[in-house]
Each structure stands twice: as structure tokens, then as C-alpha cells.
Amino acid sequence: MSSLALLVVAGVVFRKAGAALVWYDEVASILLVWLTYYGACLAALDRAHIGFPKLVGKLKGTSLLAVLIIRETVVIAFFGLVAWAGWRVLLILDGTYLVSLGWVPAQVTQSVIPIGAILFILSEVCATAVLFRSRSSERSDR
Amino acid sequence: MILLLLFVGLLALIMIDVPIAIALGVVAAIAIAVVDGVAFLPNVALVLFDGARKFTLIAIPLFILAGAIMNASGISRRLIAFASALLGFVRGGLSMVTIGTSLFFAEISGSAVADVAALGSILIPAMERKGYPKEFAAAVMSSSSTLAVVIPPSLPMILYAVMSGTSVVELFVAGIVPGVLGGLLMMGMAYYISVRHGFPVEEAFRWRRVASTFKDAAWALTLPLIILGGIFGGWVTATEGAGLAVVAAIVIGGVIYRELDWRAMRASMVDGARQTAVVMLLVATSALLGDFLTSVQVPQRVAAGIIGLTENPLAIMALLNLFFLAVGLFLHSAAAIILVVPIVMPLVLAAGIDPVHFGLVVTLNLGIGQQTPPVASVLVTACSIAKADVWEVTKVNVYFIAVLLVVLLLVSYVPAVPMALVELLYR
């Protein structure tokens, strides 16, 4: 976030000084993509993604367990697909570079998709483990 | 048939609490595999990358960051003290201070939840100490924060602009009159309730106190002038204005006031990154579904279907209002804008409704949705700060929701309310 802020301000200052940074909006947009996918992993760890937990919250016992297993399978399968698709794209992009910064390989910027997807899966697994542990300790407290 | 399956699948995934962003991605990926073939699945990665690569949306993390800096550097505290000196002499003055500061704070952060989280932790306990019921304190804080997103800058407006291809700056300008009007109406309602229940007067009006708190808050008061002046004056874009907000908040909070709490700011930044990612992942996966829906012409079909029923713009506006109010009951405003706006835009254009005007209607509808359970992020944040029951707060909040509905009706059916300034400055 701070890099984004610095870059946007630098972009304005340089443009007003008559020496516009040609790479500024392309790099800023890529930073936003990185913030999106790496930040999404952080949000997955805290189960902070927007959902509709009202119905699942009313379930108990086996039905809750079944829904949680289906939910996690769907999430992990989707990011598994994204990681695979991202990897395929990285292979295709071999030898291509950014438009404004001709020395930066497009593979570096696009790597956020497969890496972010794998990190998302790991975050989801950790968050689920924590959830199960807290539920089982609640049950044993009772 | 495929559309029906897609809709049912999406609903089923959302009902079992799959995050909405991921549910969108899952149904879109399945639709691509079925309709276009498995060979097209690598496109998912390309669309997810390009979907999140929108320069205008950089404003979202930057405004969140500016709000975090304001809160960690004593700027909010000074604004509250100044508002208190100005309005504290009226019966129920602290509730008006809450409304005034809330509207002002939103001129920098652009987010209703940030507004409640930042100001609520100071103002709700202050109101309780003065003898206001905690339900009333939470209701005032919550509803005034929702109204605040109409006042520029506004994160929902930025999202709407990107999803509908509308000018962010024109949307910001269109929000000024409804925001100020709504603020005054809400203060009137707070005064009426305060007189009826005998809520206290905060302090006697003293020019000396107004002058001293103004002097203390003067730099903070320049923040919106710098940000909005830069944007409306055409000196910077909305995204760059957000960068400017960060720098101005650091200079005022860190250099002039010398009160920047770096530890609090770091925690707020992590939280801000998380908030940004949650919204942006929705934007990215909705691009995946949006591409598919556009390829099968769903928005055009929806428009043709409703235009077949009625061509009267007033009736279409009424239908859209009811639809967005219903959507707001169940969906977070960012999710609702991202999911629904691209689908209804062809209808809005076909009915001859100005997209900027409609942007205000959408923002207000979804703002009201943030006040109405079951899904009411702003209300829930205010209730958790006040440690009050959501339903008890809602019983008080209905008065303020009524004010928001009056503003919505004015904005919907008197287009001059949002559009006069836009016509004057940009058309």
C-alpha cells in the first residue's frame, strides 16, 4: 500500500514537473494486482472474504461438517485450477516483457496468479484447521 | 438453460458460505469449460490478472490508507472537538457532532465501515457517558456513516464508475448536494428524538472555544479542500487525489501535529490491505463471469425484457430502486455493485436515465442496505462497538433509515438534486 501511494504521488509530481514517468500507471496497476492476490491470502487466513454465513451458522453436527467439507473442497479446487491455469500462462509468456519497462519479464508480474493461488490454498487449509480446532475445544469445554 | 444452472449454482455456493468472489469464479470457470471447452481454461488466469488491473481502483487502498493515517494521528480527535464546540450547545448536541464529524471524515476516507470503526470507538462511548442510550448512539453513528458515502470521495462510487464506465469526478460532484441535504435532515431527526427523550446539551456555546478548537483543527480542515479541490479543479485524477490524501494526511498528522502513532498505523495498513483485497478479488472474479455473461448477451436480454414490460423511466427507476433495496438486504455493497451494475446498465441507458444520476441512486440504495439486517456491515460494526443488540438498535435506527429513504426518493425523482451541480460544472 505504501509503495502504491509513493508511486502515485511520484507520478503526479513528475508529470507536473514536465517529466512524466511513462511506466507509472502500468507498474501501479500491477502493484494493485499483487496487493489483490497476496492480500486475498491474508483475508483467507482470517476468513474475512465476503460471504453469507447466516445459514451455515445455524447448522450443527454432521450437517455442518458436511457443508464445511464441500465448501473447502470447492475453494481449494478453484484455486488449484487457477494455479494450473496461471502456470500454463507463465509458460506461454516466456520471452515477453512489460510494455513500458522493456527489461521486466511479464512472467515476473504474472507469477502472482499461480503463487497467489497456492498461498491461498495454504491459507485456507490453515484457517480451516484453526476452525476445526476451536470447534472441538468448544465441544470438549461443554 | 445454462444461465438458469449458472444462477442456481451461484446461489447454492453462496448459501453454503463459499465466499462470493470464489463462487463467481467457480460458476464462470464451469461455464467456460462447458460452453467454450476445457482448452480455454488457461484464460481464467489471464482474465483474473487483467480483472484486478484497473488503475482507477488504486484509489480504494489509498483512501483507506488516508483514513488510517487520520485516525492514528489525532486528526479525528481534533475534528470531533471542533464539531463539539460548534454544535454541542443544541439539545442532543453530541449526536449532531457525530453526524457532522462523520460526514467530514468520509470526505477523506470514502468508506462507511472505516468511518464507523474510526469515529465510533470515540463517539459512541462519549455519548453513553453523557447518558444517551447505547442503541441511539449506535444508530446515529451507523446511519450517518452510511450517508457519508454519498459525499465525495466514495469507495462505492469509484467501484460503480469502473463497473459502469462513468466519470468518477462527475459522480463525486453529484454526491455533494444529496450528502449535505441528507446530513441536515439527519441532524433534524436527531434533534427531534433528543428533545422528545430529553437528551443532554453537551456544553454552552462559547466563541472562545470555537476559535481555539478551530485553530487546533485548522490543518485537518484543509484536508478535504486539498483532496477535493485537486480532483474537482482537474489538477489530479480521482486516483491521484487519493495519493494526495495520503501525503496530506502524513504531513498534517506526522509533521505538523507530530502525533502519528506508527504502530497503530501499521496495524491499520494491514487491515486496509485485507479490505482492499477482499473487494478487488470480487472485482477480478466478476470480470470472469462478466466476460461470459456479455458473450451470451445477458445484460441486453434483461434490458429488452424489462423495456418490453414498461418504457416509462419513472416506473423503471421504481423497479430498480426496489431491486437494489432487496439486493442490499443480502449483499455487501461492493459485491452488489460488481455483480448487478454491469447487468442493469443497458436497461438504465435504454430508459434514458443518466448513468451519473443512477450511480447516486445505487450508492444510496446499497447504503440503506448496510443499515438493514441480515447483512448490514456498517450497522453491525456500530453495534459491536456499542455492545448493543442489532435488533434493538434497528428499532431506533428506523427513524434514520426513514431519512435515508427520503433522500433516496429526492435523488431518484428530482434529478436536479444530484445533477444540477454536474450540469453546471461539466455539461
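**Exercise 1. Place Thr36(A) and decide whether this residue is buried or exposed.**

Solution. Thr36(A) sits in helix H2 of chain A, residues 24-45; helices here are DSSP runs of H or I with at least four residues, numbered from the N terminus. This is a predicted model, in which local features need pLDDT of at least 70 and side-chain atom pairs count only at pLDDT 80 or more, while totals for chains, interfaces and linings use all residues. Residues are numbered from 1 along each chain as its sequence is written, chains are lettered from A in the order in which they are written, and side-chain values use heavy atoms, with hydrogens and water left out.

Next, take the accessibility. Thr36(A) counts as buried because its relative accessibility is 1%, where buried means under 20% relative accessible area, exposed over 50%, and partly exposed in between (1.4 Å probe, protein chains only).

Finally, look for partners. Apart from neighbours within four places in sequence, Thr36(A) is in contact with Ala52(B), Ala277(B), Met280(B) and Leu281(B); contact means heavy atoms within 4.5 Å.

**Exercise 2. Do the same for Ile30(B): is this residue buried or exposed?**

Solution. Start with helix H2 of chain B, residues 20-35, which holds Ile30(B). Ile30(B) counts as exposed because its relative accessibility is 51%. As a distance check, Ile30(B) and Asp115(B) are 85 residues apart in sequence and 39 Å apart in space, C-alpha to C-alpha.

**Exercise 3. Describe the interface of chain B and chain A.**

Solution. First, count residues: 53 of chain A are in contact with 54 of chain B. Second, turn to area. The two chains bury about 4,700 Å² between them, with 80% of it on carbon and sulfur atoms; buried area is the accessible area (1.4 Å probe) that two parts lose on being put together, summed over both. Third, pick out the main contributors: Asp17(B), Phe49(B) and Arg274(B) supply 14% of the area that chain B buries against chain A, more than any other three residues.

**Exercise 4. Which residues touch the most other members of the largest nonpolar core?**

Solution. A nonpolar core is a set of buried Ala, Val, Leu, Ile, Met, Phe, Trp, Tyr and Cys residues joined through side-chain atoms within 4.5 Å. The largest has 214 residues, and Phe79(A) and Phe358(B) touch the most other members. Helix H13 of chain B (residues 262-295) gives the most to this core, 16 residues. Now zoom in on Phe358(B): leaving out residues up to four places away in sequence, Phe358(B) touches residues including Tyr160(B), Leu320(B), Phe324(B) and Ile353(B).

**Exercise 5. Characterise the linings of the two largest pockets.**

Solution. On a 1 Å grid over the protein atoms alone, a pocket is an open set of points with protein on both sides within 12 Å along at least five of seven lines, and lining residues have an atom within 4 Å of a point.

- The largest pocket has a volume of about 1,200 Å³, the space filled by probe spheres set on grid points joined across faces, edges and corners.
- Among its 47 lining residues, Ala48(A), Ile50(A), Val278(B), His332(B) and Ser377(B) are closest to the centre.
- By class, this lining has 27 nonpolar, 12 polar and 8 charged residues; Ala, Val, Leu, Ile, Met, Phe, Trp, Tyr, Cys and Pro count as nonpolar, Asp, Glu, Lys and Arg as charged, and the others, Gly among them, as polar.
- The second largest pocket holds about 830 Å³ of space, and its lining has 26 nonpolar, no polar and no charged residues.
- H1(B) gives the most to this second lining, with 7 residues.

Note on methods
Helix = DSSP H or I, 4+ residues; strand = E, 2+ residues; numbered from the N terminus. 1 Å grid on protein atoms, 1.4 Å probe; cavity = no way out; pocket = protein on both sides within 12 Å on 5 of 7 lines; lining within 4 Å.
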